[in-house]
Each structure stands twice: as C-alpha cells, then as structure tokens.
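Student: Could you take me through the salt bridges of this model, with a close look at the pairs and where their partners sit?

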Amino acid sequence: MPEDPKEKSGLILEIYRDVGQPSARQIGQSLGGVLGMIMLPLKLIGYKADQWESQFIESLERKTESIPLEKLIPPNPTVTGPILQALSYTVHEDDLREMFTSLLATAMNSDTASDAHPALVDVIKQMNSDEAKIMNFLASSGMATQPICDLLLVGQDVFSEGVTNNTSALPVGYSLIERNKSFIAEDASCEHPNLGASYIDNLCRLGLLEIRNARFGNDDRYDRLRSWSKSIVLADDPLFLEGKRGIELSRKTIQLTDFGQLFVRTCISLNV
C-alpha cells in the first residue's frame, strides 16, 4: 500500500507540537520541549520566532519526506540536545541551520542514524556561513579535490620561468608571498572571499579538508592560478620591477578527508 505523505507530515509535526504529553511517544520524549528551548532565547532578543519555527519544520519535513515511515526513529539525545542548543544562536544563518537540520534528519533515519556522530554538531558550531558555503560547494560541484598553491618570490640567483617543486621547506632563494591561494571561496560565492585561505585553515583544523603536496596530473587545472599570479606586481621591490626576481607557484591539491566525506553525507542534503 502506498505511503501517505500526509501521514508522515503529520508525524513530523506531532514530534514538535505534541509536547504536552512527552511520555506518550518515544519521539516526543526525545524532542519534547524543543520549541520552548529554542524559542525562549530568540524571543528574548526580539527575533520573529514564529517565522523561523515554520521554516525549520518545513525544512525538516522536506529532508525526511523520503524516509519510509517505518524507518523514522527518535534521534539520539547526544545529537539532538546539542543541535537544539546550537540552533538557538545560529537560526539566522541559513547555511548553518540547514546543516543542523540535515544532521537531525540523518539521525531520524534508522538506515543512517549511525553516521550522525555527536562530534559533527561541534564541527558545525565552529564554522561560519562562508565556510558552510565552501563545504556545500565541494559537495555539489563534483570536484571534491581542488587546485591550491603557495605563491613564492624567487631570488635573483635562482629565478627561472616555470613552477617550483613541492616541498615542505622552502629552498634557499625562495620566500613565501601568499600561502594556500585558491579560488574556492570565490566559486562558493562566499561573502568574504578575501578570507578564503583562513577559511581553508579552519576547515583543515576541523578535520574536514586536507592539503596535499601531490599535484594534479592535468596541469591545466592550475591555469587560473597561473594567470592570477602573472597579474601581481610587487611595486615596492626594485629587483622584481627590474625582472631580476620573479613569482612562481608551488602547486598542491586540497580535498575532503574521510571525516569530511562523513560530514557531507550527514550534514549536507544535495537534493532538498
């Protein structure tokens, strides 16, 4: 017999609205009082809580509508509690709110609940909306591995056209101008793309991304970075202006870690 979408929608709504008798349902026990927990701090700061409540419930319904009714389960409180707490102060950030809602939906599906690691809540809490955009971009672009480079100033005695070999320590005659340059923040439509390198540092710190010295086999992937580097003029460097010092790229790649792939599966909904 086909599943009635209205029945599932009603169940989701009951999870949040049937808080008067939290002992009546296991799901109600898991999420009993959710609205009160979230709405109180929002009302104290004058936020239009009713509007957000509607957006949150609609988002959760959308993310759980493909879950068979028999597989809809109470989420683990070790995940739910921190999510509810975090939502009270990230409600105005659409990208972060969607990640929390996706994680909650993952925890409500018996097939995926084991992926909803409690540490993922803390990961989202330590991200800003631009970093969330970067993770969404990497998940949706089909190119989870991206080109990245260090921009190096090459001394007069070693300057030659081309690209340096990757190395963890700069050779004699080289100095660092800019570290971990990429166009990921621009491609992800970040509000502050000039902070892209800092965002990448934080996402690496959180264990979601890793930078590797391995290059792409297809050197064309670095054309955009190479073109950008040629536009740089070091006006305060006489040797550079005289052509006796030059700029080269140390090519690298950045990609999702295993933990980052888990984050994408549980916290990013590509189709909803």
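Tutor: Happy to; here are the salt bridges, pair by pair. This is a predicted model, in which local features need pLDDT of at least 70 and side-chain atom pairs count only at pLDDT 80 or more, while totals for chains, interfaces and linings use all residues. Residues are numbered from 1 along each chain as its sequence is written, and side-chain values use heavy atoms, with hydrogens and water left out.

A salt bridge here is a side-chain nitrogen of Lys or Arg within 4 Å of a carboxyl oxygen of Asp or Glu. By this rule the count comes to eleven. One of them joins Arg62 and Glu98, at 3.3 Å from N to O. That pair links distant parts of the chain, 36 residues apart: Arg62 belongs to helix H4 (residues 49-64) and Glu98 to helix H6 (residues 94-107). Helices are DSSP runs of H or I with at least four residues, numbered from the N terminus. Arg62 has a relative accessible area of 32% and is partly exposed, a class between buried (under 20%) and exposed (over 50%), using a 1.4 Å probe and protein chains only. Glu98, at 23%, is also partly exposed. Lys63 joins Arg62 and Glu98 in a network of salt bridges.

Helix H6 also supplies Asp95, which forms a salt bridge with Lys133 in helix H8 (residues 129-140). Their closest N and O atoms are 3.1 Å apart, and 38 residues separate the two partners. Asp95 is partly exposed at 22%, and Lys133 is partly exposed at 24%.

Conventions
Helix = DSSP H or I, 4+ residues; strand = E, 2+ residues; numbered from the N terminus.
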